[in-house]
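Welcome! Take a moment to look over the model below, and then we can walk through a few of its features together.

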Amino acid sequence: MKRYWMIGLLIMIMSSVQGQDIVYGNYSGAFSHRASTPDGYIDFGPRDANWAHIFTDRSKFLFNQPVYSSLGVFSSLGNNNLQLQTDGSTKMTILESNGYVGLGTSTPSQRLEVRGHALISHNLLLEGTDLRLGLNNARDAGSKTLQRAMVHNTSDRLFLNYDGDFEGGIVVQGPKTIIDGAVGVGTSTPQGKMEIRGTTTLGQKYTPENAFLNISSGSIGLLIDSNEIYGNDALFLGSSYSKDIVFRNVDGNGFQDLVWIKPSGNFGVGTSNPQAKVEIDYNLGASPSSSTGLIVRNRAQGNGGQAEIKLIPAVAENHWSISANDESNLFRLYSGSIARFTIDGTSGNVGIGTADPTQKLSVNGTIRSKEIICEVAPWPDYVFEEGYDLKSLSEIETFIKEEGHLPNIPSAEEVQTEGVALAEMNALLLEKIEELTLHVIQLNADKQDLNKELKQMQDNYSDLSTRIQALEE
């Protein structure tokens with residue numbers, strides 16, 4: 001009886017709050033007690049031996065305080081689904097038929113289906129042998145009809161799917177929930193701890209959409225495919241401060257070191273211990289085509305195509321450079337912008353101090369040498385041969401007065417214009433010396449004849465004097 005008095009008291013309080021008359025239910029033989037107002041009614045009481053009921057003719061119940069269950073259980077009745085709403089809108093549904101839970105959907109198709117974004121601020125623990133995230137619950141990988149995003153199958157492989165094609169997705173394979181096996185991007189059979197496989201190529205261009213791997217800090221910075229690496233800014237490659245950087249070729253049998261960069265900055269090609277900033281070491285016994293130490297090539301064709309090497313010291317104005325030009329076929333050694341040494345590849349002429357040599361060796365300046373050997377033909381010994389036309393001194397005198405230089409010797413104007421051919425000039429000078437020698441020999445012979453005549457005259461004079469003296473005595 002005590003509990004019915006309590007119910008009655010609750011009805012009186014509720015009715016008093018509404019400002020309406022209290023309506024008592026009929027206990028004997030009735031299913032419930034009813035509290036009525038002009039706006040509707042509420043029935044309280046059990047209608048059968050198993051349940052206690054609260055009914056109303058209104059469409060909703062309104063509680064102005066939190067509602068608690070001492071057992072912590074809320075349930076739907078019969079075949080009805082359980083729904084949680086806010087402001088009359090369903091936000092969560094639990095299906096009566098299979099217990100599937102839907103957030104953002106009233107028709108969940110999996111144990112838990114979330115329509116919209118989900119934020120998990122702590123660990124997400126999933127247990128079982130098969131993890132599937134997506135729209136299709138089929139398990140076998142490789143079917144292009146599947147639309148799953150992730151599958152963990154019984155072979156302990158974690159498949160990350162794209163567009164329903166697990167063959168072109170990502171596979172994480174390992175015996176543990178952490179990744180300690182092989183990781184495949186673009187392949188389900190990765191070789192090594194991680195393999196990225198693709199079918200595109202950068203094509204020797206900066207094309208991020210074709211890269212196998214993009215590494216960036218906001219904007220794309222480093223692109224990698226199977227055989228190309230590019231960066232859109234300074235690209236740094238290095239080791240710890242005291243370690244070498246080595247470039248090598250490898251195959252299934254071993255390796256070959258090609259380039260070494262030492263911590264000092266020394267760069268070695270073919271040597272692991274370069275002794276200068278750049279050292280190139282190669283096999284001198286190999287054929288020339290395979291033993292070339294250094295090639296600088298400009299493959300541009302047409303006028304002005306030029307290959308060049310520059311050596312720039314601390315004072316940049318004092319730099320030296322070597323250049324080869326395909327238009328003029330000239331090889332030049334420059335000091336600054338001045339050509340100090342030139343080889344004409346067409347004529348074979350060499351110039352020192354001149355950029356346009358006109359002779360096999362053109363020197364614009366003084367030459368100092370211990371010895372110069374010239375090959376001259378013919379040598380002027382022909383002067384001593386019979387029949388040589390030796391001009392007399394009077395003829396030479398006349399020529400000099402008329403021409404202003406010796407016969408067969410170039411004039412000053414010719415020398416200024418054409419220069420002097422050393423071998424030819426030496427031969428001409430020797431010719432003049434030999435001609436002078438012949439003239440001296442002739443003069444000496446004439447002198448000896450004069451001396452004989454003078455002695456004869458002296459002897460005749462002495463004899464004449466003796467005779468005159470004898471006559472006077």
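## Before we start

Here, a residue is called buried when its relative accessible area is under 20%, exposed when that area is over 50%, and partly exposed in between. Please keep in mind that this is a predicted model.

## Salt bridges

How many salt bridges does the structure hold? There are 12 of them, and a few make good stops on our tour.

Let us begin with Arg248 and Asp257, whose side chains meet in a salt bridge with an N to O distance of 2.7 Å. Asp257 has a relative accessibility of 25%, so it counts as partly exposed. Its partner Arg248 is also partly exposed, at 43% relative accessibility.

## A link across the sequence

Next, look for Asp356 and Arg332. These two form a salt bridge in which the closest N and O atoms are 3.8 Å apart. Asp356 sits in the loop between β25 (350–352) and β26 (361–363), while Arg332 belongs to strand β23 (residues 330–335), so this salt bridge ties together parts that lie 24 residues apart in sequence.

Is each partner buried or exposed? Asp356 is exposed, with 56% relative accessibility, whereas Arg332 is buried, with a relative accessible area of 16%.

## Along helix α5

Helix α5 covers residues 422–472 and contains both Lys455 and Asp459. The two are 4 residues apart, which is about one turn of the helix. They form a salt bridge, and their closest N and O atoms are separated by 3.2 Å. Both ends are partly exposed: Lys455 has a relative accessibility of 48%, and Asp459 has one of 37%.

Salt bridges can also join up into a network, as you can see with Glu431, Lys432 and Glu435.

## A nonpolar patch on the surface

Now turn to the surface. Which residues make the nonpolar patch? They are Val296, Ile309, Leu311, Trp320, Ile322, Phe331 and Ile343, and the patch they form has an area of about 550 Å².

Two strands, β21 (306–311) and β22 (320–325), each supply at least two residues of this patch. To pick out one member, find Leu311 in strand β21. Leu311 is exposed, at 55% relative accessibility.

## Backbone details to look for

A few spots in the backbone deserve a visit too. Between Ala377 and Pro378 there is a cis peptide bond, with omega at about 0°. You will find Pro378 in the loop between β26 and α3 (393–403).

Which residues have a positive phi although they are not glycines? One of them is Asp87, with a phi of about 55°. Asp87 is in the loop between β4 (82–86) and β5 (89–94), and it is exposed, with 83% relative accessibility. Another is Asn408, whose positive phi is about 70°. Asn408 lies in the loop between α3 and α4 (412–418), and its relative accessible area of 51% makes it exposed.

## A short recap

If you would like to retrace the tour, start with the salt bridge of Arg248 and Asp257, and then go on to the one that joins Asp356 and Arg332. From there, visit Lys455 and Asp459 in helix α5, the nonpolar patch that includes Leu311, and the cis peptide bond between Ala377 and Pro378. Finish at Asp87 and Asn408, each with a positive phi.

Notes
Residues numbered from 1 in each chain as written. Predicted model: local features only at pLDDT ≥ 70, side-chain atom pairs only at ≥ 80, totals over all residues. Heavy atoms only, no water. Salt bridge = Lys/Arg side-chain N within 4 Å of Asp/Glu carboxyl O. Buried < 20%, exposed > 50% of the residue type's maximum accessible area, 1.4 Å probe, protein only. Patch = residues over 30% accessible without salt bridge, like charges linked within 9 Å, V, L, I, M, F, W, Y side chains within 5 Å. Areas by Shrake-Rupley, 256 points an atom, 1.4 Å probe, with all protein chains shown as cover.
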